[in-house]
Amino acid sequence: MQAKIEELKKMFGPRIRENEPMSAHTTAKVGGSVSAYIDVDKKDDLIRVVRFAIDKEIPYRVIGGGSNILFSDEGFEGLVIKNNCRHFEVMSMSGRITSQQMNIKKAVVYAESGVMMNLLVRHTVENGLGGLEYHLGLPGTVGGAIYMNSNFPKRDAYVGDTLQTATLLTKTGEIKQVDKSYFKFAYDYSELQKTGEILLSAVFSLTPQDKKELWEKATEALTHRTTSQPKGPSAGCVFRNISLSDAIIIKTPHKTTSAGYLIDKSGLKGKKIGDAMIANEHANFIINTGNATAKDFKKLISLMKKEVYDTFGVKLELEVQTVGF
Ligand SMILES: Cc1cc2nc3c(=O)[nH]c(=O)nc-3n(C[C@H](O)[C@H](O)[C@H](O)COP(=O)(O)OP(=O)(O)OC[C@H]3O[C@@H](n4cnc5c(N)ncnc54)[C@H](O)[C@@H]3O)c2cc1C
């Protein structure tokens, strides 16, 4: 690996940082050092770095906000590319604007994959463009949100809903345009999880709507997030919610599919291992109360799985992405 890092340094100079701790780049603030790390803020640069890694057979991982990923204490033998490509713009509108009335039907918004979702949501809502409003307060980037098909389940709103087209970088370094159907979006799922392709940019098709109403919806989502989610450092929800059929079989109240409900009812709220703790506000979150290690997180994750299985006979599946676990 060292020889490959030297090649990276030759190509990208002091921008390559060796032994960079992932605790500094993930919201859970855990994770050991990776062999090499680079920040990129231009799309062409992102393409160049990934192609170089492919060519030299250097294992790589692109991260955005690091808000749904946990690296092990041993880190990662390879290159972590932090995506800060943050350009976005309203590209075009379809419909008619006359002196009498504005009759815009659709607006097309282009965003590079490192754009922070929260900023994009604020901008589109403020400009009266509907479609992303329920993602106000969602941490992370467009790339991470499309990869995860991040959501606001209370309103059945998914980031993939308004995606029109996207540009990807394939595992062989080719650039390809795809449309929404390519992603096979489902709850917490996009095809990128299978293909390992990198999202370079996304085009969303938004609908002009009353700005005041959009802000009301956005505020509803933000308030829900801030009141139901814990404040401490975390990687978001640890587990996916269960299927409706499982919820019916185990007779959860109001057929709730909430993994947090099952963890809570397994008596685990507030359970602590090392400095990692199952949040009191929301049992599907593990928070880092100080100097938690990835190992502490891992042990709690195993405990949550076991207790829920023992209590309900349901196998929880991880939502959070793990590296080296
Ligand atoms: C406090 C808190 C609240 C949260 N609330 C919600 C919520 O309400 N709803 C919800 O759905 N999620 C929520 N999350 C989870 C998380 O914020 C989302 O999944 C988010 O969309 C992840 O984006 P990210 O940029 O941080 O991704 P990262 O954590 O950086 O990466 C996640 C995965 O995406 C991959 N990835 C990142 N960028 C790209 C790219 N450009 N191309 C291909 N793959 C890429 C990474 O390799 C990794 O596998 C929350 C998290 C926290 C910490």
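The following passage describes two sheets and the ligand site of a predicted model.

Residues are numbered from 1 along each chain as its sequence is written, and side-chain values use heavy atoms, with hydrogens and water left out. Because the model is predicted, local features need pLDDT of at least 70 and side-chain atom pairs count only at pLDDT 80 or more, while totals for chains, interfaces and linings use all residues.

One open sheet has 4 strands in the order 1-2-5-3, with mixed pairing. Helices (H or I, at least four residues) and strands (E, at least two) are DSSP runs, numbered from the N terminus. Two strands pair if DSSP finds at least two bridges between them. Strand 1 (17-21) and strand 3 are the edge strands, each pairing on one side only. From one strand to the next, the twist averages 40 degrees. Axes are lines fitted to C-alpha atoms, for helices over the stretch in contact, and angles run from 0 to 180 degrees between N-to-C directions. Helix 1 (residues 2-12) packs on this sheet and touches strand 1, strand 2 (33-40) and strand 5 (contact means heavy atoms within 4.5 Å). The direction of helix 1 makes about 15 degrees with that of strand 2. Helix 2 (residues 43-55) lies across strand 2, strand 3 and strand 5, and runs at about 165 degrees to strand 5. Strand 3 pairs with strand 5 (residues 76-83) in the parallel sense, over 4 bridges. Arg61 stands opposite Val80 in strand 5.

Arg61 also belongs to the ligand shell. Of its 32 residues, Arg61, Ser67, Thr141, Ser150 and Arg225 come nearest (a residue is near if one of its heavy atoms lies within 4 Å). The shell divides into 11 nonpolar, 18 polar and 3 charged residues. Polar contacts (pairs of N or O atoms within 3.5 Å) include three given here. A backbone N or O atom of Val62 lies 2.8 Å from a ligand oxygen atom. For Ala145, a backbone N or O atom lies 3.4 Å from an oxygen atom of the ligand. A polar side-chain atom of Gln229 lies 3.1 Å from a ligand nitrogen atom. Strand 3 (60-63), helix 4 (142-148), strand 13 (198-208) and strand 14 each give two or more residues to the shell. Helix 4 gives the largest share, 5 residues.

Strand 14 also belongs to a second sheet. This open sheet has 4 strands in the order 14-17-16-15, with antiparallel pairing. Its edge strands are strand 14 (234-237) and strand 15 (272-273). Strand 14 pairs with strand 17 (residues 285-288) over 2 bridges, in the antiparallel sense. Cys237 stands opposite Phe285 in strand 17.

How values were computed:
Polar contact = N/O pair within 3.5 Å; in protein donor to acceptor, adjacent residues only side chain to side chain. Nonpolar A, V, L, I, M, F, W, Y, C, P; charged D, E, K, R; others polar.
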